[in-house]
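Hi everyone, thanks for making time this morning. Please have the viewer open while I talk, and stop me whenever something is unclear.

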Amino acid sequence: METNRTELYNQWVDKVCQYIEEAGPRLNFPGSVMQSKPVLDKQPGVVFLGFNSHEEWGYCGLKRERFFDGNPFFYENRENSAWKVWKKPYEAFKWAGYLTPMTDGNYVFMNAVYFGSKDIKTLKAKEGSTEAIDRCLDFTAEVIQDVFKPKCVVCFSKSECFAPLNAKYKFELVETVTPTIVNGDPARQTVMKGLWNGIPVYGIPHPSGRISNDDWGGIALYLKKEMEQLGV
């Protein structure tokens with residue numbers, strides 16, 4: 001195991017826990033960061049990023065073990081309808097014959113913002129949330145750039161995840177890509193692509209949206225081609 005990576009992660013966890021324990025009671029939103037276990041013994045292929053968890057209860061403390069064990073509910077339910085945000089991309093990659101990026105040990109699945117809410121609008125309406133969101137994005141940038149150093153990042157939502165990161169950190173070579181579906185026609189959904197300090201970042205539609213299987217297939221085939229070239 002890379003000692004430096006592990007030590008850096010532990011230091012990062014200490015800082016994040018301290019911040020959530022300070023800001024959580026004030027905002028009264030639950031703290032939720034890691035959905036999967038971290039990958040610390042090697043460079044992960046992918047960091048999958050959601051904006052925040054959709055949890056409606058107030059702040060009820062912080063479970064430090066979640067940073068190391070992940071979310072048990074995720075592991076118990078990721079293949080059923082309770083985790084559409086994971087299931088739909090998983091099924092698309094499976095159809096494309098490329099489950100490597102979503103195989104345990106090859107990815108990290110986490111939130112970009114660490115306070116759960118019924119929806120993003122509810123979080124943003126809370127007094128003090130702008131500063132909290134900005135602070136969380138800084139923490140997320142730190143763990144991606146300095147600790148995980150993945151081969152790529154996939155944002156689950158172009159508008160709510162890729163866009164704010166791009167606005168804050170000024171990705172290079174940002175472009176809108178229209179994938180091709182299996183029959184050769186252009187997909188109706190696009191993918192955003194940028195370069196974040198050398199790390200490719202992709203923004204895909206949020207999996208909860210009404211997206212056709214054809215479009216999901218096109219997105220998966222596009223990401224497969226990109227990730228294979230990156231050695232994921």
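I'll go through the sheet, then a helix pair, and then some salt bridges.

One thing to keep in mind as we go: this is a predicted model.

Let's begin with the sheet. It is an open sheet of six strands, and reading across you get the order S2-S1-S3-S6-S5-S4, with mixed pairing. What stands at the edges? That would be strand S2, residues 107-111, and S4. Each has a single partner strand, so one side of each is left without a neighbour in the sheet. On average, neighbouring strands here are turned by 20° against each other, if we ignore direction.

As a reminder for anyone who works mostly with small molecules, strands of a sheet pair through backbone hydrogen bonds, either parallel or antiparallel. In our sheet, strand S3, residues 152-156, and strand S6, residues 199-204, run parallel and are joined by four bridges. If you want a residue pair to click on, try Val-153, which stands opposite Val-201 in S6.

Now look for helix H8, which lies across S1, S3, S4, S5 and S6. Its direction relative to S6 is about 175°. Angles over 145 degrees count as roughly antiparallel, so H8 is roughly antiparallel to S6.

On to the helix pair. Two packed helices are described by the angle between their axes and the distance between the axes. For helix H6, residues 129-148, and helix H7, residues 158-169, the angle is about 85° and the axes are 11 Å apart. That makes H6 roughly perpendicular to H7. Which residues meet there? From H6 we have Asp-134, Leu-137, Asp-138 and Ala-141, and from H7 we have Pro-164, Leu-165, Lys-168 and Tyr-169. Sorted by class, this contact has five nonpolar residues, three charged ones and no polar ones.

Those charged residues bring us to the salt bridges. How many are there in the whole structure? The search finds 10. I'll pick out three of them.

The pair that belongs to our helix contact is Asp-134 with Lys-168, at 2.7 Å from N to O. This links distant parts of the chain, with Asp-134 in helix H6 and Lys-168 in helix H7, 34 residues apart. Asp-134 is partly exposed at 35% relative accessible area, and Lys-168 is also partly exposed, at 29%. There is a network here too: Asp-134, Asp-138 and Lys-168 are linked by salt bridges.

Next, the side chains of Asp-14 and Arg-64 meet in a salt bridge at 2.6 Å, again N to O. Asp-14 sits in helix H1, residues 3-27, while Arg-64 is in the loop between strand S1 (46-50) and helix H2 (66-69), 50 residues apart. Asp-14 is partly exposed, with a relative accessible area of 41%, and Arg-64 is partly exposed at 36%.

The last pair takes us back to H8. Asp-215 forms a salt bridge with Arg-188, and their closest N and O atoms are 3.7 Å apart. Asp-215 is in helix H8, residues 213-230, and Arg-188 is in the loop between strand S4 (172-177) and strand S5 (191-196), 27 residues apart. Are these two buried or exposed? Asp-215 is buried, with a relative accessible area of 4%, whereas Arg-188 counts as exposed at 67%.

That's my tour, and I'm happy to take questions.

Note on methods:
Residues numbered from 1 in each chain as written. Predicted model: local features only at pLDDT ≥ 70, side-chain atom pairs only at ≥ 80, totals over all residues. Heavy atoms only, no water. Axes fitted to C-alpha atoms, helices over the stretch in contact; angles between N-to-C directions. Helix = DSSP H or I, 4+ residues; strand = E, 2+ residues; numbered from the N terminus. Parallel < 35°, antiparallel > 145°, perpendicular 65-115°, else oblique. Contact = heavy atoms within 4.5 Å. Nonpolar A, V, L, I, M, F, W, Y, C, P; charged D, E, K, R; others polar. Salt bridge = Lys/Arg side-chain N within 4 Å of Asp/Glu carboxyl O. Buried < 20%, exposed > 50% of the residue type's maximum accessible area, 1.4 Å probe, protein only. Pairing = 2+ DSSP bridges.
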